[in-house]
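Student: Could we go through this model together, beginning with the ligand?

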Amino acid sequence: MTIKAGKTTFSRVKESDLPLLHRWFNTPHVSKWWEIDGKRHPSLDLVKKHYSPRISGDERVDVYLIIHDGTPIGMVQLCKMDDEPAEKANFGLDRNCAGIDLLIGEADYVHRGLSSGIIREFLKQIVFKEYDVDRCIADPYVKNEIAIKAYKKAGFKYLRTVWYEKEGKREHILCIDRNEIVNDAEKVGANQGR
Ligand SMILES: CC(C)(COP(=O)(O)OP(=O)(O)OC[C@H]1O[C@@H](n2cnc3c(N)ncnc32)[C@H](O)[C@@H]1OP(=O)(O)O)[C@@H](O)C(=O)NCCC(=O)NCCS
């Protein structure tokens, strides 16, 4: 299947999307890197238990579907690091930051070069538009080379390496600042105006 660069939008995950998330969490390329409550192959019940409070707003993590030319292909979750003070301290963050995690669950769409464009669009359309944060960070495992490359290609820079006790793994903390995205969007607008 040939995948062309297309229009990417984002919409909030609903309860009715949870079976889709369950399928994605159980695909080999996602389960290699993503656990829910320590489970690499979570049941639908576990996915519901974990994600329903995020959908209802009881837990302050916002979850979005990635929509590529009308097709849901993956998910991005976002938290404000001020809502996660222990992680914020462990990651050595002193600013008003958002933290994101993403996956492309549809096997036909992964490893096709879409990820950096998706991340840039998420920063422009959601993170720095909808949230009052100066910086966005990501915390991929040091061994997750594909994710690290994807974030760096989107413009994230390496900050530091930390030990993440909760997951029992070392992670790279990568970051991008609001002015890098806002100035970029202004440049695009300025060029279009010429
Ligand atoms: C992380 C993820 C979203 C990246 O999306 P992707 O579609 O795989 O990434 P892309 O095809 O855009 O490629 C990104 C980089 O990884 C490289 N890459 C992609 N697939 C690869 C593969 N199978 N083997 C080795 N490198 C690969 C690409 O060459 C590219 O590097 P480049 O910038 O040097 O060209 C996706 O792999 C995924 O959903 N993984 C499972 C969940 C996960 O790990 N999430 C990250 C949590 S922090």
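Tutor: A residue is near a molecule if one of its heavy atoms lies within 4 Å of it. This is a predicted model, in which local features need pLDDT of at least 70, side-chain atom pairs count only at pLDDT 80 or more, and totals for chains, interfaces and linings use all residues. Residues are numbered from 1 along each chain as its sequence is written, and side-chain values use heavy atoms, with hydrogens and water left out.

Student: Which residues come nearest to the ligand?

Tutor: L102, I104, H111, G113 and S115 do, out of 20 residues around the ligand.

Student: What is the make-up of that shell by class?

Tutor: The shell has 11 nonpolar, 5 polar and 4 charged residues. Here Ala, Val, Leu, Ile, Met, Phe, Trp, Tyr, Cys and Pro count as nonpolar, Asp, Glu, Lys and Arg as charged, and the others, Gly among them, as polar.

Student: Which element supplies the largest share of the shell?

Tutor: That is α6, with 5 residues. Helices (H or I, at least four residues) and strands (E, at least two) are DSSP runs, numbered from the N terminus. α2 (28-31), β4 (97-104) and α6 (145-153) each supply at least two residues.

Student: Where do oxygen atoms of the ligand meet I104 and H111?

Tutor: One lies 2.8 Å from a polar backbone atom of I104. At H111, the partner is an N or O atom in the side chain, 2.7 Å from a ligand oxygen.

Student: And what about R112?

Tutor: A polar backbone atom of R112 is 3.2 Å from an oxygen atom of the ligand.

Technical notes: Polar contact = N/O pair within 3.5 Å; in protein donor to acceptor, adjacent residues only side chain to side chain.
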